[in-house]
Every structure is written in C-alpha cells, then in structure tokens.
Amino acid sequence: MGDQVCKEGALLCSNTSALDIDAIASVTRRPGVVMGTHFFSPANVMLLLENVRGAQTTDTTISTCMEWGKKIGKWPILVGNCPGFVGNRMLAQYTTKAMELLDFGIFPHQVDTAIAKFGMKMGPFAMQDLVGLDLGIQALKKKNEWKPQTNIKHAIIESGRLGQKNGKGYYEYDENRKPSPSAAVNDLISRMAAGPKRPFTEAEIIHWAFFPLVNEGFKVLEEGIAQRPGDIDVCYVHGYGYPRVKGGPMHWADTVGLALVRDGLKKMGIAPSALLETCVANKSTLGLMQHALCKRLKVQVPHCVGVDLGEQLIYHLLLAFEPKHLEGLHHVGVGHHAVALAVKEFKTAPQLRDGGRPDVLDHFSELGEGE
C-alpha cells in the first residue's frame with residue numbers, strides 16, 4: 001500500500017516497539033526508506049526516540065530521521081533491528097530477574113521500595129500494575145504457557161487481580177489509586193515460592209535487577225545493535241525513568257565496578273557477555289574501552305567507535321588487539337601522532353613492558369616521536 005500511496009522519496013516509518021523492521025521493508029519496493037521510529041509512551045512527555053535501522057536502510061534515511069528527531073525536541077538514538085531493539089530488550093532481563101525474587105519469598109513492595117530508593121520513579125511490580133497484569137495472557141494461553149498452578153504471576157491474575165484498572169494487582173489500591181501491600185498476594189507468594197527462602201538486602205535486590213540488564217547492554221554493544229554505551233544511557237534516562245544522577249545503567253556499571261557486575265552475574269548463574277569479560281580482563285571501564293571496541297574489535301566498522309579517542313582508550317586497544325587491527329584506528333579519526341604519543345607514554349607501562357607485547361611497540365617504533 002505504501003508504494004502506491006506515498007510519493008517517491010517519502011520515508012516509510014513505523015512506531016512499532018516489537019515488529020521486525022526488515023520484515024516490513026521486505027514487502028515494499030523501496031526498503032532503503034523504511035525505518036523504525038519508536039516513540040515512548042506517553043509520546044508527548046517522554047523524550048526518547050529509538051530510530052531503528054533495517055538491513056537496507058540508507059544513510060540518507062538514517063540521517064534524515066536523526067535530524068528530524070532533534071527538530072521535534074526528542075533525544076534520538078540510532079539502534080539496530082532485533083527483538084525489543086535496545087530499551088525493551090534490556091528491560092526484559094530486568095523484569096524477569098525481578099520476578100524471580102518472588103520465588104525466594106521476597107514481596108513486591110520490598111523489591112519496589114529498593115528500586116525506588118535507587119532512584120527509579122517506579123518499581124517493576126508497580127509498573128506492571130499500571131500497565132495491567134493481563135496484558136499478553138491470551139497469547140500465553142494459545143501457546144499452552146499459562147501455568148497458574150506453578151507461576152506466581154499467573155496465579156495472581158487467575159485470582160482476579162489485574163492491576164490498577166480493577167483496584168487490585170500486586171498491590172491493593174484505594175479510590176485515589178494509592179497502593180498498599182497486599183496481604184493476599186504476600187500469602188500467595190509465601191505458599192508458592194519455589195526457591196530457597198532467604199532475605200535480600202536492598203543492595204542485593206538492586207544488583208539482582210540491574211546486573212542482568214547491564215549484561216544485556218554489553219551484548220547489544222557487542223552485536224552493534226547500539227553504537228556506544230552513551231546511547232544506552234540516554235535510552236534509559238529519557239525512556240525509562242532511570243535516575244539521571246547515576247548517568248544511565250552502563251555508566252552506573254562502570255562506577256560500581258565491572259568486576260563486581262561480572263561476579264554478581266556468575267552468582268546468579270548468568271554468563272557474562274564477552275565484552276564485559278574483556279573489560280574486566282583489561283582492568284578497564286566500558287567508558288575507556290568505548291565499545292571495546294568495534295565489536296572486539298573489527299575496527300573497520302568506523303561508526304562503532306566515534307572520533308575523539310583518548311590515550312587511555314588507545315592504550316587498551318594496544319593491549320587487546322593485534323597490530324594489524326590497530327591500523328583501523330586511522331580510519332576512525334586517530335592520527336599517527338596520537339598513537340605515537342600513546343606508545344611513547346606506554347613504553348614505561350608494566351602492562352606493555354612486561355606483558356609480552358613488544359610487537360606492539362615495534363609496530364609503531366617507526367613513528368618515532370610522532371609527526
């Protein structure tokens with residue numbers, strides 16, 4: 001229909017939060033102008049705009065949508081096409097792990113209180129009550145995945161609790177929609193909790209909820225779905241109410257320590273992403289590795305890195321990759337002079353001097369003192 005109705009050059013954009021952009025593009029004769037423009041609800045309030053590029057989306061389409069997003073007052077980020085894109089893909093990990101806390105006998109208000117103290121405007125259970133607990137249950141029933149006998153959330157819904165819209169969900173709601181903990185829900189959780197019951201500190205709840213989200217963020221960087229950690233942070237601050245003071249989930253991970261994140265994930269039985277392991281092994285923050293980069297790194301993908309790479313980032317690239325890869329630095333805005341200065345500085349660094357990487361120094365020795 002779009003081919004018949006829209007003039008040549010018109011962009012075909014979808015506000016979908018879940019549909020496959022490439023599948024949409026496949027049914028038009030002009031896939032290069034197809035792009036996802038995912039606004040966040042309520043769109044007149046939320047600033048985030050996820051611009052989703054398809055496999056055949058042209059550079060002109062991408063740049064037009066990015067500029068258009070700025071002109072209408074949004075914070076646009078460019079993301080790749082995958083289920084959930086960036087924001088919802090990561091959020092699924094957060095929601096799933098929060099639900100798992102119920103199986104340890106932790107109550108919804110305990111989780112939401114810890115999340116609210118962390119700085120989020122609303123915890124995961126209050127959010128589900130706001131959206132409606134019954135959203136998507138028909139699809140689960142069609143797939144024979146509806147299990148109220150063993151699944152706590154399914155049992156809560158089966159008991160007639162749908163969230164704010166009928167005054168009872170994970171919480172009880174008064175006439176002003178003010179929530180209070182539900183004794184009935186807490187009793188159900190105590191009876192159905194499948195895991196070993198144990199208390200969680202508020203810090204443990206935060207780690208349990210956010211470390212898997214951060215790990216998924218590392219994966220979308222590895223896959224090139226997001227271009228840089230800062231895009232993910234913008235996504236969460238302006239699209240999901242993540243506390244600005246913490247800078248976004250990826251910046252927060254750097255501040256709490258990536259080794260702590262990695263070790264916490266392993267305790268949960270979650271495999272840390274390869275990029276996270278690389279950062280920890282190099283004793284680097286994600287900010288310094290800046291996409292660790294270009295997908296660990298095929299530096300021939302220039303948009304993954306950005307242009308102003310500092311000496312510390314060059315240093316980590318020197319440590320992590322073979323000399324043949326380092327030539328790609330010159331394609332992303334790093335001149336010979338910058339590399340030469342970094343190499344000169346790092347000749348006294350134990351990691352290079354004693355780390356078995358004289359090949360790196362020899363490779364750039366011809367640059368001398370730099371140009």
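Strand β2 (residues 34-39) is largely enclosed by the rest of the structure, because five of its six residues are buried; buried here means under 20% relative accessible area, exposed means over 50%, and partly exposed lies in between (1.4 Å probe, protein chains only). The model is a predicted one, in which local features need pLDDT of at least 70 and side-chain atom pairs count only at pLDDT 80 or more, while totals for chains, interfaces and linings use all residues. Residues are numbered from 1 along each chain as its sequence is written, and side-chain values use heavy atoms, with hydrogens and water left out.

Strand β2 has partners in β1 and β3. Strand β1 (residues 12-14) runs parallel to β2 and is joined to it by three bridges; strands are said to pair if DSSP finds at least two bridges between them. Leu12 has Val34 of β2 as its bridge partner. Strand β3 (residues 48-53) pairs with β2 in the antiparallel sense, over five bridges, and Phe39 is matched there with Leu49 of β3.

Looking at the whole chain, the protein has 21 helices and six strands, where helices (H or I, at least four residues) and strands (E, at least two) are DSSP runs numbered from the N terminus. Of its 371 residues, 49% count as buried. Contacts, meaning heavy atoms within 4.5 Å, often span the sequence: among those between residues at least 6 apart, 64% join residues at least 24 apart.

The interior holds a largest nonpolar core of 75 residues, in which Tyr170, Phe210, Phe218 and Ile232 touch the most other members. Helix α10 (residues 202-222) supplies the largest share of this core, with eleven residues. A second, separate core of five residues includes Met35, Ile62, Met66 and Leu78. Such a core is a set of buried Ala, Val, Leu, Ile, Met, Phe, Trp, Tyr and Cys residues joined through side-chain atoms within 4.5 Å. Leaving aside residues up to four places away in sequence, Phe210 touches Tyr94, Ile115, Phe118, Met120, Tyr242 and Trp252.

Turning to the outside, the protein exposes about 18,100 Å², and carbon and sulfur atoms supply 55% of that area; accessible areas come from the Shrake-Rupley method with a 1.4 Å probe, and for residues only the protein chains shown count as cover. Leu130 is found in helix α6 (residues 124-131) and, at 44% relative accessibility, counts as partly exposed.
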